[in-house]
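Reader: I would like a close look at a single part of this model, taken slowly and with the cut-offs spelled out. Please choose one helix and follow what surrounds it.

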Amino acid sequence: MARIRTVRCHETNEDIASVSLDEIELPDPGPGEVQVRPRACAVNYPDLMMIQGTHQHRPPLPFAPGGEGAGEVAAVGTGVSDVREGDSVCFGRLSGGFAEALNVSADAVEPMPRNMTYAKAASYRTAYTTAYVALVVRGDLQPGEWLLVHGAAGGVGLAAVELGKHYGARVIGTGGRDDKLAVAKSRGADAVINYTLPDGSLGGFRHKVKEVTGAGGADVIYDPVGGDVFDESMRCINWRGRILSIGFVGGRWPAAPVNLVLIKSISVIGVRAGEIGRRDPALGRSIRAAVQDLAQSGAIDPYVCAGFPLERAVDAMRMLENREVVGKCVVTMNGYEIEGA
């Protein structure tokens, strides 16, 4: 039994500042479990949504946000043979990571990539798995194709820019701020486009995309934004192109105009990276192994813009809520600090 600090949500609330910093007793790990002392835990939109009660997963109250992190194994339960005390690991789960220690299934941890810091290791699994499933598994991205990445400065956007270049695509990144797009450009995007119109709405990029790619437009469009951005994307997609629907952070579910789907012979493809593994465990394991191989080989390099100590976890979540995060933001624990924290 160990006494630890953890940030917990005691009742769902639209205001993410309703969470509290608690001290609790954490039991020893049970059979098949390991106890991890996180050094960093990434902040993701599902953390905010679970606090607000708008996510499909609603953990029992009280719960700690935080679904992916990296740290050191502090203790090992019975029946665990491939993880040892002192190992540096990444972990993934739906919640519980904003804590000085937590017990997780041994199956939910994997060796930390050799070339990554704790902050980077805490930040790659969700974003790069989403990008890998979208581009490789669902989108069949081919070398030389034009890939248009919306929200290119966000976590899943930067991951798509990086993986797109890794697999030989020519990449255009879009976003709403020039300073954020400069990061996407520095991470490999061949061209960047600010899609914010003078009235503050999103769109107006179709002509620029066609100018960059030639008259045909983009072959693959990676869209975590939806709304007006999706509508405009339908006007700058190439013959037999693929639009990958990742999410709707723009706030509106778009409706695909079937006449354009028919005329251009395009595909609108839904991407649910986590659900693929739940419905097809073998495929899920192969995806997880492929992304881990990319990380271990140094082929991917997560961008972490900021870190906040555990007692300032609300500030980290507020940064994401206000769309100020470029790449990833992390919560740090157990004495770990990153530059800019």
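Author: What follows is an account of helix H4 and of the cavity that it helps to line.

The model is predicted, so that local features need pLDDT of at least 70 and side-chain atom pairs count only at pLDDT 80 or more, while totals for chains, interfaces and linings use all residues. Residues are numbered from 1 along each chain as its sequence is written, and side-chain values use heavy atoms, with hydrogens and water left out.

Helices (H or I, at least four residues) and strands (E, at least two) are DSSP runs, numbered from the N terminus. Helix H4 takes in residues 155–166, and because a helix is expected to span 1.5 Å a residue, its 12 residues should cover 16 Å, which agrees with the 17 Å between its end C-alpha atoms; the expected span is 1.5 Å times one less than the number of residues. Just after H4, Gly-168 takes a positive phi of about 90°.

Nine of the 12 residues of H4 are buried, and the helix is mostly covered, where buried means under 20% relative accessible area, exposed over 50%, and partly exposed in between (1.4 Å probe, protein chains only). The buried residues are Gly-155, Gly-157, Leu-158, Ala-159, Ala-160, Val-161, Glu-162, Leu-163 and Gly-164. Their cover includes helices H3 (125–138), H5 (178–186) and H10 (281–297), together with strands S8 (146–149), S9 (170–175) and S11 (218–223), contact being counted for heavy atoms within 4.5 Å.

Rolling a probe the size of a water molecule over the atoms shows where empty space is left. A search of the whole structure finds one cavity of 30 Å³ or more, a cavity being a set of points on a 1 Å grid over the protein atoms alone where a 1.4 Å probe fits but cannot get out, with lining residues having an atom within 4 Å of a point. The largest cavity has a volume of about 70 Å³, the volume being the space filled by probe spheres set on points joined across faces, edges and corners. Among the residues that line the largest cavity are Gly-155, Leu-158 and Ala-159, as well as Ser-123, Arg-187, Asp-301 and Lys-328. H3 and H4 are the elements that give two or more residues to this lining, and H4 gives the most, with three residues. By residue class, the lining divides into six nonpolar, three polar and three charged, where Ala, Val, Leu, Ile, Met, Phe, Trp, Tyr, Cys and Pro count as nonpolar, Asp, Glu, Lys and Arg as charged, and the others, Gly among them, as polar.

Conventions: On a 1 Å grid over the protein atoms alone, a cavity is a set of points where a 1.4 Å probe fits but cannot get out, and a pocket is an open set with protein on both sides within 12 Å along at least five of seven lines; lining residues have an atom within 4 Å of a point.
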